[in-house]
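This report describes the sheets, helices, largest pocket and selected residues of one protein chain. It is meant to be read beside the sequence and the coordinates.

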Amino acid sequence: MLSERESRYWLAVAEELALWAVDRIRGARPIAVDTKADPADLVTDVDREIERHVLDRLATVPGHRVRGEEYGTSPGEPGDLLWYVDAVDGTSNYAHDLGWSSFSLALADDAGLVVAAIGDPYRGEVTGAARGLGARRNGHPVHCSPAGTLAGQLVLTELSGHRPWPGMATLVEGLADRHATTRIMGSSALSVLAAGTGRAAATVLGHAGAVDVAAAVLIAREAGAVVRTPSGAEPAVPDGGPLLAAAPGVFAELTALYPR
């Protein structure tokens with residue numbers, strides 16, 4: 001388990017990498033856009049370049065491994081610290097020049113998530129957190145929404161790949177009945193982050209992969225949001241199942257709406 005001093009050091013490293021990625025994503029359009037699992041699953045040369053930069057910086061540190069979207073998990077030993085990197089979360093948006101994507105980086109030790117940083121190229125923001133030390137955006141503390149009801153609030157969700165997840169339409173209808181507005185933005189990291197920083201009252205994901213949302217989960221928790229599965233479990237690291245992130249005042253109401 002990392003000490004506070006170590007956590008602060010690696011948070012500074014993560015935020016530095018996020019700032020570099022913000023400049024890289026904002027500074028140029030992708031030259032090459034390829035597909036992976038299907039025609040809707042895109043990857044660009046910028047995704048690969050940024051992940052390779054993170055690998056070169058972190059996977060060479062003794063006792064550290066990196067797990068990424070494009071290159072898998074770097075070699076290592078049991079007990080190594082593990083970084084989760086998504087070089088461009090929201091690649092479809094990025095490839096189509098739609099300004100809603102992000103760089104996401106998180107570190108886990110034997111106790112779970114310990115450091116996180118997310119870079120938002122289009123707002124020039126880097127949001128970071130370390131376990132037990134709170135969350136900050138461009139150096140200033142951030143907190144979740146004070147909302148006590150879903151009525152009049154914004155709730156975000158995301159497709160699972162390019163498809164609605166089972167029960168998604170039911171949830172949206174339930175939210176509408178409570179006069180909440182739903183948005184699908186196209187970056188799971190930014191959507192969970194929004195629930196932590198108060199730009200949305202809550203976010204619901206049908207599929208929360210560790211590479212995609214580990215950083216956002218830690219930041220949201222450190223900003224005061226409740227992040228749990230629909231059954232109430234609090235995974236140390238997101239495991240690919242459904243996930244809810246919400247202001248404490250709306251979490252119970254949101255959980256009751258989640259389709260069973």
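## Helix H7 and the five-stranded sheet

Helix H7, which covers residues 248-257, lies across strands E11 (154-158), E13, E14 and E15, and runs at about 145° to E15. The model discussed here is a predicted one. The strands that H7 crosses belong to an open sheet of five strands, ordered E12-E11-E13-E15-E14, in which the pairing is mixed. Its edges are formed by strand E12 (181-184) and strand E14 (226-228), each of which pairs on one side only. From one strand to the next, the twist averages 15°.

Strand E13 (residues 202-205) has E11 and E15 as its neighbours in the strand order. E13 and E15 (residues 243-246) run antiparallel and are joined by four bridges. Within this pairing, Val204 has Leu244 as its bridge partner in E15, and Ala202 has Ala246. The pairing of E13 with E11 is parallel, again over four bridges, and here Val155 stands opposite Ala202. In general, the strands of a sheet pair through backbone hydrogen bonds, in either a parallel or an antiparallel sense.

## Burial around strands E13 and E11

Are the residues on the two faces of E13 buried or exposed? Both faces are covered: Ala202 and Val204 on one side, and Thr203 and Leu205 on the other, are all buried.

Thr157 lies in strand E11. Its relative accessibility is 1%, and Thr157 therefore counts as buried, the limit being under 20%. Leaving aside residues up to four places away in sequence, Thr157 touches Trp165, Met168, Thr182, Arg183, Ile184, Met185 and Val204. Thr157 and Pro242 are 85 residues apart in sequence, while their C-alpha atoms are 11 Å apart in space.

## The eight-stranded sheet

A second group of strands forms an open sheet of eight, in the order E4-E3-E5-E6-E7-E8-E9-E10, with mixed pairing. Strand E4 (72-73) and strand E10 (140-141) stand at the edges; each has a single partner strand, so one side of each is left without a neighbour in the sheet. At the E10 edge, strand E9 (residues 135-137) and E10 pair in the antiparallel sense over two bridges. Arg136 has Pro141 as its bridge partner in E10.

Two helices are associated with this sheet. Helix H1 lies across strand E3 (64-68), E5, strand E6 (102-109), strand E7 (112-120), strand E8 (125-130) and E9, running at about 25° to E7. Helix H5 (residues 188-197) also packs on the sheet, where it touches E5, E6, E7, E8 and E9; its direction makes about 105° with that of E7.

## Val22 in helix H1

Helix H1 spans residues 4-27 and includes Val22. Val22 counts as buried because its relative accessibility is 3%. Among residues more than four places away in sequence, Val22 touches Gly119, Asp120, Pro121, Glu125 and Val126. The C-alpha atoms of Val22 and Ala220 are separated by 20 Å, and the two residues are 198 residues apart along the chain.

## The largest pocket

How much space lies in the largest pocket? The volume is about 770 Å³. The pocket is lined by 29 residues, and Gly90, Ser92, Gly161, His162 and Gly186 lie nearest its centre. Strand E5 (81-89) and helix H3 (91-95) each supply at least two residues of the lining. By class, the lining has seven nonpolar, twelve polar and ten charged residues.

## Loop residues with positive phi

Most residues other than glycine have a negative phi. Against this background, two residues may be noted. Asp97 is not a glycine, yet has a positive phi of about 60°. Asp97 is placed in the loop between H3 and E6, and is exposed, with a relative accessible area of 55%.

His179, likewise not a glycine, has a positive phi of about 65°. The place of His179 is in the loop between helix H4 (168-177) and E12. With a relative accessibility of 60%, His179 counts as exposed, since the limit for that class is over 50%.

Technical notes: Residues numbered from 1 in each chain as written. Predicted model: local features only at pLDDT ≥ 70, side-chain atom pairs only at ≥ 80, totals over all residues. Heavy atoms only, no water. Pairing = 2+ DSSP bridges. Axes fitted to C-alpha atoms, helices over the stretch in contact; angles between N-to-C directions. Contact = heavy atoms within 4.5 Å. 1 Å grid on protein atoms, 1.4 Å probe; cavity = no way out; pocket = protein on both sides within 12 Å on 5 of 7 lines; lining within 4 Å. Points joined across faces, edges and corners; volume = space filled by probe spheres on them. Nonpolar A, V, L, I, M, F, W, Y, C, P; charged D, E, K, R; others polar. Buried < 20%, exposed > 50% of the residue type's maximum accessible area, 1.4 Å probe, protein only.
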